[in-house]
Amino acid sequence: MATRRNFIRQASFAAGAGITLAACANTTSNASAMEQSEATAPQSEVLFAGKTIVFQGDSITDGGRRKDQLAPNAGGALGGTYPLLISAQILGSEGEQGTKFYNRGISGNKVFQLAERWEEDCINLKPDILTILIGVNDFWHMVDGNYDGTVEIYERDFMALIERTKAALPNVKIIIAEPFAVAGGRAITERWDQEFPAYQAAAKRVAEAHNTQWIATQALFDQALENGSVDHWCPDGVHPAPAGHHLMAEAWIEALREAAKSK
């Protein structure tokens with residue numbers, strides 16, 4: 001897990017015990033050289049200046065965001081989950097660079113519901129980078145008897161959504177995240193274990209077919225369970241706790257940086 005934590009770069013400084021008189025005599029010139037070196041050193045890398053980043057998905061992305069706040073970078077509009085953590089980290093580290101973050105996740109959504117609002121909540125925002133996490137409800141609502149979808153419908157609709165997006169926004173960088181189910185969560189039954197992997201495989205095929213970036217969130221949470229309980233990371237197996245959203249934010253920032261660097 002430590003390899004994913006790139007938010008803080010640590011530096012260590014060691015001073016030699018034996019300082020000669022000659023070194024003492026050169027203190028002033030050495031300090032001057034150090035000041036010059038620091039002045040010419042490259043500043044922190046700025047990757048997102050002027051870029052628009054849109055988060056799309058269901059309740060995991062929604063995070064209780066204010067639907068009446070549509071402006072970018074507003075706290076209420078970003079919700080209380082991983083989009084807020086990501087936005088705060090990048091806006092805080094890069095400063096005021098004209099970067100715009102929009103959260104357009106809506107609780108309960110399935111792929112076809114994304115498609116119904118895609119023009120307003122995606123295309124019209126003209127994102128440079130778009131991240132999508134969708135699929136839990138396409139399965140869960142079917143299991144609950146509230147939706148008659150299938151994995152084939154999920155994959156077909158998802159493929160069509162990405163095709164539509166790339167046709168309208170040929171230069172957009174797309175990141176697709178794997179829908180996940182955390183073992184031991186209260187909502188996770190044997191049926192999830194047996195059938196949900198097909199939905200995850202379908203999402204991966206969509207990403208591969210359209211050459212998008214892929215975030216392997218299932219492995220992220222599987223590894224996390226080695227260092228904490230399901231209650232710590234994702235109590236119901238679907239909606240992460242704050243610790244789980246922290247893990248997601250780390251993975252997303254890495255993917256966003258790769259997207260921003262790619263041509």
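Which strand holds Lys 173? Lys 173 is in strand β4, which covers residues 173-177. The model is predicted.

**Lys 173 and its surroundings**

Lys 173 has contacts well beyond its sequence neighbours. Leaving aside residues within four places in sequence, Lys 173 is in contact with Asp 128, Ile 129 and Leu 130. Ala 259, Ser 262 and Lys 263 are also in contact with Lys 173. Ser 262 offers a polar partner: its backbone oxygen lies 2.7 Å from a polar atom of the Lys 173 side chain. Ala 260 is 87 residues from Lys 173 along the chain, yet the two C-alpha atoms are separated by 8.0 Å.

**Helix α11**

Strand β4 also takes part in covering another element, helix α11. This helix spans residues 217-224. Which of its residues are buried? They are Thr 217, Gln 218, Leu 220, Phe 221 and Ala 224. These residues are on the same side of α11, because they cover an arc of only 160° around the axis. The cover over them includes β4, α10 and β5. It also includes α12 (230-233) and α13 (242-261).

**The nonpolar core**

In soluble globular proteins, nonpolar side chains tend to be buried together. Here, the largest nonpolar core has 71 residues. Which element gives the largest share of this core? Helix α13 does, with 11 residues. Ile 86, Phe 158, Trp 192 and Trp 252 have the most contacts inside the core.

Take Trp 192 from that group. Apart from neighbours within four places in sequence, Trp 192 is in contact with Val 136, Phe 139 and Trp 140. Its other contacts under that condition are Ala 181, Ala 187, Pro 197 and Val 238.

**Two asparagines with positive phi**

Asn 73 has a positive phi although it is a residue other than glycine. Asn 211 also has a positive phi, and it too is a residue other than glycine. Each is in a loop, as the table shows.

| Residue | Phi | Loop between | Relative accessibility |
|---|---|---|---|
| Asn 73 | near 70° | α3 (59-62) and α4 (75-78) | 32% |
| Asn 211 | near 55° | α10 (190-209) and β5 (213-215) | 73% |

Why does Asn 73 count as partly exposed? Asn 73 does so because its relative accessibility is 32%, and partly exposed runs between the buried limit of 20% and the exposed limit of 50%. Asn 211, at 73%, counts as exposed, because exposed means over 50%.

The loop of Asn 211 links back to helix α11: α10 and β5 flank that loop, and α10 and β5 are also among the elements covering the buried residues of α11.

Terms used:
Residues are numbered from 1 along each chain as its sequence is written. This is a predicted model: local features need pLDDT of at least 70, side-chain atom pairs count only at pLDDT 80 or more; totals for chains, interfaces and linings use all residues. Side-chain values use heavy atoms; hydrogens and water are left out. Helices (H or I, at least four residues) and strands (E, at least two) are DSSP runs, numbered from the N terminus. Buried means under 20% relative accessible area, exposed over 50%, partly exposed in between (1.4 Å probe, protein chains only). Contact means heavy atoms within 4.5 Å. A polar contact is a pair of N or O atoms within 3.5 Å; within protein, one must be able to donate a hydrogen and the other to accept it, and residues adjacent in sequence count only if both atoms are side-chain atoms. The arc is that of the directions from the helix axis to the C-beta atoms. A nonpolar core is a set of buried Ala, Val, Leu, Ile, Met, Phe, Trp, Tyr and Cys residues joined through side-chain atoms within 4.5 Å.
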